[in-house]
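Grab a pencil and work through these exercises with the structure open beside you. Try each task before you read its solution.

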Amino acid sequence: MPGPEGLFPHKVGQVDFAKDRMRAQQAAEKELQKLVQQGLTLKRPVFFVPGWNDETAICWVEPYTDKNTATKTWMQRIFSNADEMITYVTFTEESPRCMSFHDFGAVVVDKIGANTPCDCVGHSMGGLDISAAISLCEPPLLNVAKFVTYGSPLRGTEWGELCHDLASKILGFAPHIRSHAKNMDPDQQYIKALRTPEALKRLFDRVEDMYCV
């Protein structure tokens, strides 16, 4: 049985992924520092929506590792009005009654307000939540100017079923948490509803700009 180095090599051919990640992170931090110096302010409220199993929005408010800086901290450094204009959406009370990102979408509409001019940022399943809020929910989220997704499986993910099984058999997660994962699978009705031409048209018609990272 090979050791960790054999199973997960840092180098493939001449590419050193660890060094590439470090260089990319350093370059990103330099760009962020440039923004800090500009003294920017936010024009509209911004809502950051977390992903699967992150009801407390830790992905936004705490650093990923002890070598990283949290998104919330960067926002406070860059924007002078960050604390007044940015909301990190949490689902601690709503999650048990949500079976899919479609249900979370309705919660997002409720938390933001259907007609509130805003920008939205979604991580992983959070991007699906926002997409559903805009294109599937009634009432829909109507005044999103900028919509940014980070690592969001907008076409669904085969990891949905796997995460469901892992959460059930190994991690012992609650049924509603497992359901959140399963319903991201591309074979499930929720992803199919999000991918219909009608839903996509509503999404693109109702958002000024959309960025997928």
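**Exercise 1. Is Trp60 buried or exposed?**

Start with a reminder: this is a predicted model. Step one is to look up the value for Trp60, a relative accessible area of 6%. Step two is to compare it with the cut-off, since buried means under 20%. So Trp60 is buried. Now try the same with Phe48: its relative accessible area is 6%, so Phe48 is buried too.

**Exercise 2. Work out how the rings of Phe48 and Trp60 face each other.**

What do you need to know? A pair of aromatic rings is described by the distance of the centres and the angle of the planes. The structure has four aromatic pairs in total. For Phe48 and Trp60, the centres are 4.9 Å apart and the planes stand at 70 degrees. An angle over 60 degrees counts as edge-to-face, so that is the label for the Phe48–Trp60 pair.

Next, place the two residues. Phe48 belongs to strand 3 and Trp60 to helix 3 (residues 58–61), so their pair ties together parts that are twelve residues apart in sequence. Finally, look for further rings: Tyr88 joins Phe48 and Trp60 in a cluster linked by ring pairs.

As an extra, find Trp74. The charged end of Arg77 sits over the Trp74 ring, 5.0 Å from the ring centre.

**Exercise 3. Which strands pair with strand 5, and in what sense?**

Take one neighbour at a time. Strand 3 (residues 46–49) pairs with strand 5 in the parallel sense, over four bridges. You can check one contact yourself: Phe48 has Val121 of strand 5 as its bridge partner.

Now go to the other neighbour. Strand 6 (residues 144–150) also runs parallel to strand 5, and five bridges join them. Two contacts to look for are Gly122 opposite Thr149 and Cys118 with Val144.

Then keep going from strand 6. Strand 7 (residues 207–212) pairs with strand 6 in the parallel sense, again over five bridges. Here Val144 stands opposite Val207.

**Exercise 4. Why can we call strand 5 and helix 7 largely enclosed?**

Count the buried residues. In strand 5 (residues 118–123), five of the six are buried, so the strand is largely enclosed by the rest of the structure. In helix 7, eleven of the eleven are buried, so this helix is largely enclosed as well. Its buried residues include Met125, Leu128, Asp129 and Ile130. Strand 6 is mostly covered, with five of its seven residues buried.

Now put the three elements together. Strand 5, helix 7 (residues 125–135) and strand 6 make a β-α-β unit, and the unit is right-handed.

**Exercise 5. Which residues lie nearest the centre of the largest pocket, and which elements help line it?**

First, the space itself: the largest pocket has a volume of about 1200 Å³. Its lining has 32 residues, and nearest the centre you'll find Phe48, Trp60, Thr71, Met75 and Tyr150. Phe48 and Trp60 should look familiar from Exercise 2, where they formed the edge-to-face pair.

Next, sort the lining by element. Helix 2 (17–37), strand 3, helix 3, helix 4 (71–78), strand 5 and strand 6 each give at least two residues. The largest share, six residues, comes from helix 2.

While you're at helix 4, look at Lys72, which lies in it. With a relative accessible area of 30%, Lys72 is partly exposed. Lys72 and Val61 are eleven residues apart in sequence, and their C-alpha atoms are 5.0 Å apart.

**Exercise 6. Which peptide bond is cis, and which residues show a positive phi without being glycine?**

Start with omega. The bond joining Glu138 and Pro139 has an omega of about 0 degrees and is cis. Pro139 sits in the loop between helix 7 and strand 6.

Now turn to phi. Asn53 isn't a glycine, yet it has a positive phi of about 60 degrees. Ala57 has a positive phi too, near 60 degrees. Asn53 is in the loop between strand 3 and helix 3, and Ala57 is found in the loop between strand 3 and helix 3 as well.

Last step: check their exposure. Asn53 is partly exposed at 35%, whereas Ala57 is buried at 0% relative accessibility.

Methods: Residues numbered from 1 in each chain as written. Predicted model: local features only at pLDDT ≥ 70, side-chain atom pairs only at ≥ 80, totals over all residues. Heavy atoms only, no water. Buried < 20%, exposed > 50% of the residue type's maximum accessible area, 1.4 Å probe, protein only. Pairing = 2+ DSSP bridges. Right-handed = clockwise from strand over helix to strand, strands pointing away. Phe/Tyr/Trp six-rings, centres within 6.5 Å; stacked < 30°, edge-to-face > 60°. Lys NZ or Arg CZ within 6 Å of the ring centre and 35° of its normal. 1 Å grid on protein atoms, 1.4 Å probe; cavity = no way out; pocket = protein on both sides within 12 Å on 5 of 7 lines; lining within 4 Å. Points joined across faces, edges and corners; volume = space filled by probe spheres on them.
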